[in-house]
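Hi there,

Here is the structure I promised to pass on to you. Have a look at it first, and then read my notes below with the picture open beside them.

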Number of protein chains: 2
Amino acid sequence: METPWEYRYAHRTQRMGSSVVRELLKLTEQPDIISFGGGLPAPEVFPLKEFKDACDYVLDHDGAQALQYSTTEGYSPLRGMIARHTTRYNVSIKPENILITSGSQQALDFIGRLFVNRGDYIVVESPTYLGALQAWNAYGAQYISIPMDEHGMIVDELEKALRNGPKFIYVLPNFQNPSGATLSLERRQRIVELADKYGVPIVEDDPYGQLRYEGEHLPSLVYLDSQYRGDDGTYTGNVIYLSTFSKILSPGIRLAWVIAPEQVIKKLVNAKQAADLHTATFNQMIAYEVGKGGFLDEHVKIIRDVYKERRDVMLETMDEIWPAGTQWTKPQGGMFLWGILPKDMDSAEVLKLAIERKVAFVPGMAFHANGGGLNTMRLNFSYSKPEIIREGTTRLGLLLRELVSKN
Amino acid sequence: METPWEYRYAHRTQRMGSSVVRELLKLTEQPDIISFGGGLPAPEVFPLKEFKDACDYVLDHDGAQALQYSTTEGYSPLRGMIARHTTRYNVSIKPENILITSGSQQALDFIGRLFVNRGDYIVVESPTYLGALQAWNAYGAQYISIPMDEHGMIVDELEKALRNGPKFIYVLPNFQNPSGATLSLERRQRIVELADKYGVPIVEDDPYGQLRYEGEHLPSLVYLDSQYRGDDGTYTGNVIYLSTFSKILSPGIRLAWVIAPEQVIKKLVNAKQAADLHTATFNQMIAYEVGKGGFLDEHVKIIRDVYKERRDVMLETMDEIWPAGTQWTKPQGGMFLWGILPKDMDSAEVLKLAIERKVAFVPGMAFHANGGGLNTMRLNFSYSKPEIIREGTTRLGLLLRELVSKN
């Protein structure tokens, strides 16, 4: 039966499709399926004891504050902790440059809300993060896709796009979701210079920066930009930087942060007031208690060890089993790698057969703002245990052997 | 120094002013001010022990689930608990009619996102809830204001407004924020009938329904609508109903819910996916643990006792001290009452003098969508202890005596 609300939806509601990936993932939620489809952290690395201690401490010492309304900007000690963490990487910011959000998805939404007029173009990597496309589609964004290789966005293609007047550049520099690629230092530097030359600012999305399993840490775009512009202790630059506690602590507490010029933070605060008043006080205080004594530095070492092993098992199994004609990235960190099938294969069709064999992934098509990528796939290696990863990767490899030989 | 983002804001950003009330309240945050300005619950009634027990239980038994990503719709047992609570009031809904949101502010935002095209009109009470205006201003809403008396919206004024094709009617039926007024049964019935007659749906915002200190519970509009329409066990009606854990448990955990036809919930879920993926799993599981054994029924009795005493102290002091020519509402529940000064007095001017005397409130002007209300004020009675309420109400009364006698 139809509801009276049916004819009252606003124009933007039509652009809010349910995520293809989420719908597909529902199919893969049967417990006997090995799913490389999601983007979940390993539950084994959640620091349950530290959480319990922090809950007890916060409720015993500041319970009335923890359960009360608080400021939109975020819990001051937590903003201070993030500011100190950031200055370790030589980016000189103050707590006033930080907004706490309910996950990075909310930050992406607010960026759309603040900056995207219907029809505006955003420069994105191809492939790019699906959640960003979902957030900005709701505001009527269009996209200019820049192809990638194993060193990230191919910067030679960027300059032409910038001359077409896009609103901003969206880049995931470290162990990109979905491709696993890391943007090289030279390209980072070049993007910062081009952004300045054409006056097009940058949204830098960095959920995985701490999860590097080999190689050297590369400086963030926000750091390179502040150096390039010679900011003197006050960041007024070209970059809005996003990061999150989801990958280093827990996604279930929905806690992330934005670093931006203070004027932009003020606008983001206004958006957040109207959107949800503030992020849960309790969660912010717990994250601060868990994180304040340097715990996170030690904790990410454990996460790195666990995920590195899982990545290695997946890569080894692919080397052993996957047929000639298939390729994949070898990410230096993060949670995902990217499979590339022979050009004429459709990974969505492969997924249907894979589900019959009780293994799943996300077809790469979903991560392409302007189509393409039919023969690609995203595989998550953080969630399943090593023996499960070996089994699932083997199943998938054997299926691909059959398909490639028929092909 | 200007940031490069400055010239890139979208048109809607201009409509996201920082809340006048929030800015004013910053002035009143000095610790020696008695503030009736905020809308905070009393910290004395937060059930800290139950929270601690629930945190321990959840982390011991379902820690990996509590800290993990979860579904956008909300934690199933919590949706079930809310569905059972709602059916006690004879509204037949299923968990599929419920979406968990990060506070009711987020539900208001999503309603704007789903239904408001720039320039659309919304019918609101005058005065009305400021947070709703903030949420919908961002989508370019305009308002038709319907005057109120002590029985709520004056329904005789409503019919003409409905003939002008507004998107929906927004009503706070119980102990309205800001006026404290409760919509009479007869008017509730009439609004439901008129909404059906003109095909204009209703957003019913009910944060305070459980906080009644005297008189009989009145049926919700969602119940009356389902009766009027004869829904047979599946709610497909005219009303989107909002309520929250903020006033009966804790606002700092940011937890609220929407009840709506299942088709509308699906659209809201899409909006929430793009906006913040889901509300914190941990918070939902804790609220369920605290609430599941009937605790909330007992707990609201304590809250009612505490707030009733505070309301009574404020009303008694006003009776004693406030000068002839001032009037106020006598709310049967909730957290606010509404002061009306002589017609030519400006409550914003009174506030400046009041702050000098270390007492604060919110000028009523802020709650008027289309101006007016200069001589009105909102007073909160839930937050301060009784002796503080007496002192603050006395200070304000003595100031008003001086001003009225000069007048």
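Below is what I found, going from the pair of chains down to single residues.

Please keep in mind that this is a predicted model.

**How the two chains sit together**

Let's start with the symmetry. A turn of 180 degrees, with a shift of 0.0 Å along the axis, lays chain B on chain A with an RMSD of 0.0 Å. That is the relation of a two-fold axis. If you want to find the axis from chain B, look for B:Cys55: its C-alpha is the nearest one in that chain, 3.4 Å from the axis.

How many residues does each chain bring to the contact? Chain A gives 70 residues and chain B gives 70 residues. On the chain B side, five helices each supply at least two residues: H2 (48-66), H4 (104-115), H5 (130-137), H9 (262-276) and H10 (281-291). Sorted by class, this side of chain B has 33 nonpolar, 25 polar and twelve charged residues. The copies meet through the same surface, because 100% of the interface residues of chain B are also interface residues in chain A.

**Two domains in chain A**

Next, colour chain A by domain. Domain 1 is made of two stretches, 6-47 and 297-406, while domain 2 covers 48-296. Their centres, taken over C-alpha atoms, are 24 Å apart. Where they touch, 35 residues of domain 1 are in contact with 40 residues of domain 2. On the domain 1 side, helix H11 (295-321) and strand S11 (336-340) of chain A are the elements that give two or more residues. H11(A) gives the most, with nine residues. This side of domain 1 divides into 16 nonpolar, eleven polar and eight charged residues.

**A nonpolar core**

In soluble globular proteins, nonpolar side chains tend to be buried together. Here, the largest nonpolar core has 236 residues, and A:Val258 and B:Val258 touch the most other members. Which residues does A:Val258 contact, leaving aside its neighbours within four places in sequence? They are A:Ile98, A:Leu99, A:Thr101, A:Ala107, A:Ile240, A:Leu242 and A:Leu268.

**A strand covered on both faces**

In a regular strand the side chains alternate between the two faces of the sheet. Strand S6 (168-171) of chain A is a nice one to look at: A:Phe168 and A:Tyr170 are on one side, A:Ile169 and A:Val171 are on the other, and all are buried. S6(A) runs parallel to strand S3 (121-126) of chain A, and three bridges join them. In that pair, A:Ile122 stands opposite A:Phe168. S6(A) also pairs in the parallel sense with strand S7 (202-205) of chain A, again over three bridges, and there A:Ile169 stands opposite A:Ile202.

**An open sheet in chain B**

For antiparallel pairing, turn to chain B, where an open sheet of four strands has the order S10-S11-S14-S13. Its edge strands are S10 (327-328) and S13 (362-363), each of which pairs on one side only. S10(B) and S11(B) are joined by two bridges, and B:Trp328 stands opposite B:Gly339.

**One last residue**

Is B:His217 buried or exposed? B:His217 counts as exposed because it has 11 C-beta neighbours inside 10 Å, and the cut-off for exposed is 12 or fewer. You will find B:His217 in the loop between strand S7 (202-205) and helix H8 (221-229) of chain B. Its C-alpha is 9.9 Å from that of B:Leu185, although the two are 32 residues apart along the chain.

Enjoy exploring!

Notes: Residues are numbered from 1 along each chain as its sequence is written. Chains are lettered from A and ligands numbered from 1 in the order in which they are written. This is a predicted model: local features need pLDDT of at least 70, side-chain atom pairs count only at pLDDT 80 or more; totals for chains, interfaces and linings use all residues. A nonpolar core is a set of buried Ala, Val, Leu, Ile, Met, Phe, Trp, Tyr and Cys residues joined through C-beta atoms within 7 Å. A residue is buried if 20 or more other C-beta atoms lie within 10 Å of its own, exposed if 12 or fewer, and partly exposed in between; C-beta atoms are placed from the backbone. Two residues are in contact if their C-beta atoms, placed from the backbone, lie within 7 Å. Ala, Val, Leu, Ile, Met, Phe, Trp, Tyr, Cys and Pro count as nonpolar, Asp, Glu, Lys and Arg as charged, and the others, Gly among them, as polar. Domain bounds come from an automatic or database domain assignment. Two strands pair if DSSP finds at least two bridges between them. Copies are superposed by least squares on the C-alpha atoms of residues with pLDDT of at least 70 in both.
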